[in-house]
Amino acid sequence: MESIKDIAIQVIDTEANSILGLKDILTDDFTKVVELILNSKGNVIVSGIGKSANIAQKIVATLNSTGTTAVFMHAADAIHGDLGIIRDEDIVIIISKSGETPEIKVLTPLIKIRKNKLVAIVGNTKSYLAAEADYVLNTTVPIEACPNNLAPTASTTAQLVMGDALAIALLKCRGFSSEDFAKFHPGGALGKRLYLRVGDVCVKNAVPMVNVNDIMTKVILEISEKLLGATAVMENDKMIYMKRSLLFCYLIFYCIVECFSVGFVKERIDDIISKNLNCCAIDFFYFLGEIVHCTICALHISNVFFNN
């Protein structure tokens, strides 16, 4: 009996071989489709049904994020009103393994009537869809990874890879740069790494600051309320020190309050800090712990603040 790991390896091998096989069946139609899209003033409409529709949605997402405006149109919905998505200048890509699905056979002539260019990403080059399309991108696979050779697995992977190949070819032809990429990815790690500036995240009108004569309780509250992890210590409208907040030092501060006294939080800042240290210096407070905003929510510390 096959082990679970053996099954996984077999699936990976089957799909990997299917992808590699695409190189041998790639024709000049691929180049023509890329050039067609590059020279088009319209959008790319990508359609499919079933698992092919799921792949179509992913290809649309990849195209949009890499500089090619694309729209997903479900093949079943298309014949019930969604054909209105398509404009005269648009290019339509229909994805299908068999090329003979009833919805696809209904949709295809409607696209042809509108005189939009039709591209087929299809796993059967002798199908109705392939015969009617202006361009055919062959995604035929020898076998599905499913042991019954039924569930779309290797075939949908081949469709996805063909879509990625289109997107990346278009990206390179356009000279799409990392800066361009960042414009479409302002959120998440990608966007922050490529696009985010200090000015985009600074909190205006929420500058934490305390006076040098304030007590330490004020420092803790200011850091907690403004949520910037630090506060400026001011004297005569000039910053003389920057107090930082370190999460791990909460434990140290907790122990100080617990084991010794609550007098620390009632001390004046001026009595504690050294004015000879600049705002980037690491001093006693670095190790004592300048409390992050979550400490104010800690029950024990709250009791110290408000009951003493």
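These are my notebook entries on the strands, the cores and two single residues of a predicted model.

**Entry 1, the sheet.** I began with the strand order and found five strands in an open sheet, arranged β2-β1-β3-β4-β5, with parallel pairing. I noted β2 and β5 as the edge strands, since each of them pairs on one side only. For the twist I looked up the angle between neighbouring strands of this sheet, which are turned by 20° against each other on average, with direction ignored. As a general reminder to myself, strands of a sheet pair through backbone hydrogen bonds, either parallel or antiparallel.

**Entry 2, pairing at β1.** I then went through the pairs one at a time, starting from β1, residues 44-48, which runs parallel to β2, residues 70-74, and is joined to β2 by five bridges. On the other pairing, β1 and β3 are parallel over four bridges. Val44 served me as a marker for both: Val44 stands opposite Ala70 in β2, and in β3 the bridge partner of Val44 is Ile91. I also traced the connection, and β1, helix α3 (residues 51-65) and β2 make a right-handed β-α-β unit.

**Entry 3, pairing at β4.** How many bridges hold β3 and β4 together, and in which sense do they pair? I counted six bridges, in the parallel sense, between β3 and β4, and I recorded Val92 opposite Leu118 in β4 as one of the paired positions. The chain crosses from β3 to β4 through helix α5, residues 102-113, and I noted this β-α-β crossover as right-handed too. On to β5: β4 and β5 pair in the parallel sense over four bridges, with Leu137 in β5 as the bridge partner of Ile121. I checked burial along β4 as well, and five of its six residues are buried, so β4 is largely enclosed by the rest of the structure.

**Entry 4, the cores.** I turned to the nonpolar side chains and found that the largest core has 24 residues, with Val46, Leu63, Ile93 and Leu137 having the most contacts inside it. The elements that give two or more residues to this core are α2 (28-38), β1, α3, β3 (91-96), β4 (117-122), β5 (135-138) and α7 (154-174). I followed Ile93 further: leaving out residues up to four places away in sequence, Ile93 touches Val44, Ile45, Val46, Ser47, Val119, Ile121 and Leu166. Another core lies apart from the largest one and has 19 residues, among them Ile94, Ile111, Leu129 and Ala130.

**Entry 5, Ile111.** Is Ile111 buried or exposed? I place Ile111 in helix α5, and with a relative accessibility of 0% Ile111 counts as buried, because the cut-off for buried is under 20%. Not counting residues up to four places away in sequence, Ile111 touches Leu83, Ile86, Val92, Asn116 and Leu118. I also noted a distance, C-alpha to C-alpha: Ile111 and Glu132 are 9.9 Å apart in space and 21 residues apart in sequence.

**Entry 6, Thr66.** My last look was at Thr66, which lies in the loop between α3 and β2. Its relative accessibility is 5%, so Thr66 counts as buried. Which residues does Thr66 contact, once its neighbours within four places in sequence are left aside? I listed Ala167, Leu171, Phe176 and Phe181 as the contacts of Thr66.

How values were computed:
Residues numbered from 1 in each chain as written. Predicted model: local features only at pLDDT ≥ 70, side-chain atom pairs only at ≥ 80, totals over all residues. Heavy atoms only, no water. Pairing = 2+ DSSP bridges. Right-handed = clockwise from strand over helix to strand, strands pointing away. Core = buried A, V, L, I, M, F, W, Y, C linked by side-chain atoms within 4.5 Å. Buried < 20%, exposed > 50% of the residue type's maximum accessible area, 1.4 Å probe, protein only. Contact = heavy atoms within 4.5 Å. Axes fitted to C-alpha atoms, helices over the stretch in contact; angles between N-to-C directions.
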